[in-house]
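Colleague: I'd like to learn how to read a few features off a structure. Could you take me through one with me looking over your shoulder?

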Amino acid sequence: MRSGSRIRRKKAMAFGAMALVTILVSASWSSAGAAQPAQPSQRDWQNTIAQTPRPARGCFTAQFPRTSWRAVRCASAPDIPQPPHRGPRPLVVGNGSDIAAQVPTGFISTAIGSFDSVVNVTSESGPIGNSGPSIANAYTLQLNTNFFASTACAGSPNPGCQGWQQFVYANDGSSGAAFIQYWLLQYNAPCPAGVGWHTFSFAGDTDVYCWKNNTGGAVGVPNQPITNLGALSLSGQVSASSDSVTLFDGSTAYTRVGDNAVNAAAGWNTAEFNVFGNGGNSSGGGTATFNTGAALTVRTRTIYGGRAAPLCVATGFTAEMNNLSFGTPAPAMTPPGPAVRFIEDTVGGAATNCAAATTIGDVHAHTVAGLSYDFQAVGDFELAQVGKDFEVQARHVSGAPTWPDASVNQAVATRMGGTTVAVCGGPRLVIDGRNVQLGEGKPLSLPSGVDVTLAGGAYVVTDPSGNSIRVTPHRAPDYMDVAVGVGTWPTRVRGLLGNPDNDVHLLEASDGQIFEVPLSFEDLYHRYGDSWRVSPADSLLAPCGKEAEESNPGKPFFARDLEPKIRERGMSICRQAEVRDPWIDACTLDVAVLGEKAAAVYVGKPPPVLDGNP
């Protein structure tokens with residue numbers, strides 16, 4: 001046994017924390033037929049009434065705490081499409097960039113979307129149908145199914161035709177309506193006649209889509225200003241013979257029975273819920289624009305016959321968007337479940353992902369599961385491997401002669417399926433061996449489905465599964481900060497940013513040896529670290545020049561090893577920037593080695609689950 005660490009065989013461990021998303025096992029679901037308390041909570045009542053059968057086709061309401069439906073007159077449904085996503089993923093919520101809940105087995109029968117927290121939301125506006133003036137309190141709540149094989153595609157000549165279903169609450173600034181919208185994606189033939197289908201195509205695209213609202217209109221809902229968002233939730237229910245949508249404004253439920261037009265019960269396994277713009281057109285989806293400082297905690301619950309937590313998947317299905325983004329840490333785990341829970345706000349700025357890892361400065365690693373540790377070796381290293389289609393490598397160069405026991409990121413490369421993207425020094429962007437000039441804010445969509453965007457000086461690369469990297473180059477001195485996002489969680493991540501079984505107390509060498517944290521200096525660099533070196537034959541970094549010289553530091557190098565005056569100055573800069581205590585030492589070291597600007601990456605950064613340094 002080596003001094004300072006123990007090596008042991010891998011064994012099953014509990015999942016660790018995530019950077020952006022919390023997933024919850026079942027905690028308080030109750031079936032419609034179970035005995036209820038005399039006075040249930042509103043949340044329990046909403047769960048129960050959402051699964052209570054409607055007495056007939058039509059529109060109904062229910063008042064808390066009653067669990068029976070009362071028939072009401074239906075209203076007109078907006079004759080506006082809410083189209084599917086198309087084109088590159090934005091760096092805001094929507095058009096494929098979202099967090100969804102995928103059940104581990106079977107199909108979803110009921111899902112409920114709600115907002116656990118609505119902070120500093122004072123205004124919202126957007127156009128109707130993605131055209132015309134921006135209207136205050138114009139938005140939709142959407143609970144969307146995944147795309148799935150549907151018997152409704154029987155008349156399509158396209159074997160790739162799919163069904164899609166949206167449970168929608170649309171607010172136009174003066175009134176609201178809840179209804180179901182059905183889609184036949186890439187039907188590529190005249191839409192089925194006589195049952196209300198409309199033809200739709202995106203601008204410049206020859207594919208034919210078909211869409212319709214449920215027949216008989218929508219259930220009318222009083223106008224819901226955006227400041228009431230915290231009281232709203234939306235439910236969708238499907239079975240082999242029927243479907244329905246329900247909007248809750250707290251103590252009142254408004255429901256509409258649908259047409260079951262695409263047989264979603266046979267294909268719904270992933271649920272997306274969020275607040276979006278109110279409709280779209282051939283140019284895409286509209287956007288709901290919130291005030292600066294707005295923040296939402298979103299919960300998507302699923303009922304599928306099991307109690308296990310759903311998978312988090314970094315994907316979305318609708319084209320509509322809002323102006324919020326990701327990047328804020330996961331909220332605490334709270335019932336009910338099974339559910340996925342995440343935060344979106346106006347300050348996050350990250351690509352959507354279900355779990356994130358980073359390497360910062362000189363080099364501080366923060367694994368997907370939440371372990372923080374310093375790694376100052378020089379060479380080409382495997383940062384992350386997820387399955388067969390996603391990996392990330394980085395080139396670490398020495399800080400010599402001034403800082404011989406430190407290293408920094410000089411180049412980063414990722415392989416997403418058959419596409420390779422490298423960000424080299426300069427910076428220089430190389431895609432599949434070719435230099436590419438990318439304009440600020442202008443995304444590049446590749447035939448493989450990989451999107452590359454330059455936003456605020458950072459390169460963001462995302463694949464169709466939601467895996468991503470964000471590379472932020474810095475100059476004078478030259479170094480890069482790297483964030484790696486995982487599109488599905490839980491999942492196995494290997495490399496310097498992985499933990500076996502996502503246990504922050506363990507690190508795993510490439511040969512499967514398990515090390516308990518903290519590692520000895522010998523094990524960290526000469527056993528664990530050396531095992532993740534990338535050979536020239538396997539390197540994705542060749543476009544960035546010849547491989548780096550391979551070496552390990554001569555001794556540990558932490559903030560405490562700096563000269564007192566240098567350490568005190570660096571720490572003072574970090575304190576003035578209001579860096580949190582768990583990151584003060586890492587910030588201090590980075591400021592000493594890289595300069596004052598290095599403190600910025602630590603401002604507001606959530607603490608690690610575990611500090612793995614000795």
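Modeller: We'll go through a sheet, a helix, a hairpin pair, a cavity and a few single residues. One thing to keep in mind is that this is a predicted model.

Colleague: Let's start with the sheet. In what order do the nine strands of the open sheet come?

Modeller: Read across the sheet, the order is S35-S36-S37-S38-S39-S26-S27-S28-S43, and the pairing is mixed. The edges are strand S35 (444-445) and strand S43 (610-611), each of which pairs on one side only.

Colleague: How do S27 and S28 run relative to each other, parallel or antiparallel?

Modeller: They run antiparallel, with three bridges joining S27 (residues 364-366) to S28 (residues 371-374). You can follow the register by partners: His366 is bridged to Ser372 in S28, and His364 stands opposite Asp374. The two strands form a hairpin with four residues between them, where Gly370 takes a positive phi near 115°.

Colleague: And what happens on the other side of S28, towards S43?

Modeller: There the pairing is parallel, over two bridges. Leu371 has Leu610 in S43 as its bridge partner.

Colleague: How should I read the two faces of a strand?

Modeller: In a regular strand the side chains alternate between the two faces of the sheet. In S28, Leu371 and Tyr373 are on one side and Ser372 and Asp374 on the other, and all of them are buried.

Colleague: Which residue in the segment after S43 should I look at?

Modeller: Try Asn613, which is found in that segment. A polar atom of the Asn613 side chain lies 2.9 Å from the backbone nitrogen of Asp374. Not counting residues up to four places away in sequence, Asn613 touches Ser372, Tyr373, Asp374, Pro518 and Phe558.

Colleague: Now a helix. Which strands does H4 lie across?

Modeller: Helix H4 (residues 584-594) lies across strand S26 (355-360), S27, S28 and strand S39 (479-486), and runs at about 140° to S27.

Colleague: How do I tell which way its residues point?

Modeller: An α-helix has 3.6 residues a turn, so residues three or four places apart point the same way. For H4, look at how covered the helix is: 10 of its 11 residues are buried. Among them are Ile584, Cys587, Val591 and Leu594.

Colleague: What do the buried residues of H4 pack against?

Modeller: They pack against S26, S27, S28, S31, S39 and helix H3 (564-576). Just after H4 comes Gly595, with a positive phi near 105°.

Colleague: S31 has come up there. What does S31 pair with?

Modeller: S31 pairs antiparallel with strand S30 (residues 390-399) over 10 bridges, and the two form a hairpin with three residues between them. S31 also pairs antiparallel with strand S32 (residues 419-424), over five bridges. That second hairpin has two residues between the strands, and Gly417 in the turn has a positive phi of about 65°. To check the register there, note that Met416 has Thr419 in S32 as its bridge partner.

Colleague: Is S31 mostly covered or mostly open?

Modeller: Mostly covered, with 12 of its 14 residues buried. Take Thr414, which lies in this strand (residues 403-416). Thr414 counts as buried because its relative accessible area is 0%.

Colleague: What does the side chain of Thr414 reach?

Modeller: The Thr414 side chain reaches the backbone oxygen of Glu391 at 2.9 Å. Val392 stands opposite Thr414. Beyond its sequence neighbours within four places, Thr414 has contacts that include Phe390, Val421, Val461, Ile469 and Leu540.

Colleague: For contrast, is Ser174 buried or exposed?

Modeller: Ser174 is exposed, because its relative accessible area is 56%. Ser174 is found in the loop between strand S10 (162-172) and strand S11 (175-185).

Colleague: Last one: how do I look for empty space inside?

Modeller: Rolling a probe the size of a water molecule over the atoms shows where empty space is left. Here there is one cavity of 30 Å³ or more, and the largest cavity holds about 70 Å³ of space. Its lining includes Arg89, Pro90, Leu91, Asp451, Thr453, Val460 and Thr462. The elements giving two or more residues to that lining are strand S36 (451-455) and strand S37 (458-462).

Definitions and conventions:
Residues numbered from 1 in each chain as written. Predicted model: local features only at pLDDT ≥ 70, side-chain atom pairs only at ≥ 80, totals over all residues. Heavy atoms only, no water. Pairing = 2+ DSSP bridges. Contact = heavy atoms within 4.5 Å. Axes fitted to C-alpha atoms, helices over the stretch in contact; angles between N-to-C directions. Buried < 20%, exposed > 50% of the residue type's maximum accessible area, 1.4 Å probe, protein only. Polar contact = N/O pair within 3.5 Å; in protein donor to acceptor, adjacent residues only side chain to side chain. 1 Å grid on protein atoms, 1.4 Å probe; cavity = no way out; pocket = protein on both sides within 12 Å on 5 of 7 lines; lining within 4 Å. Points joined across faces, edges and corners; volume = space filled by probe spheres on them.
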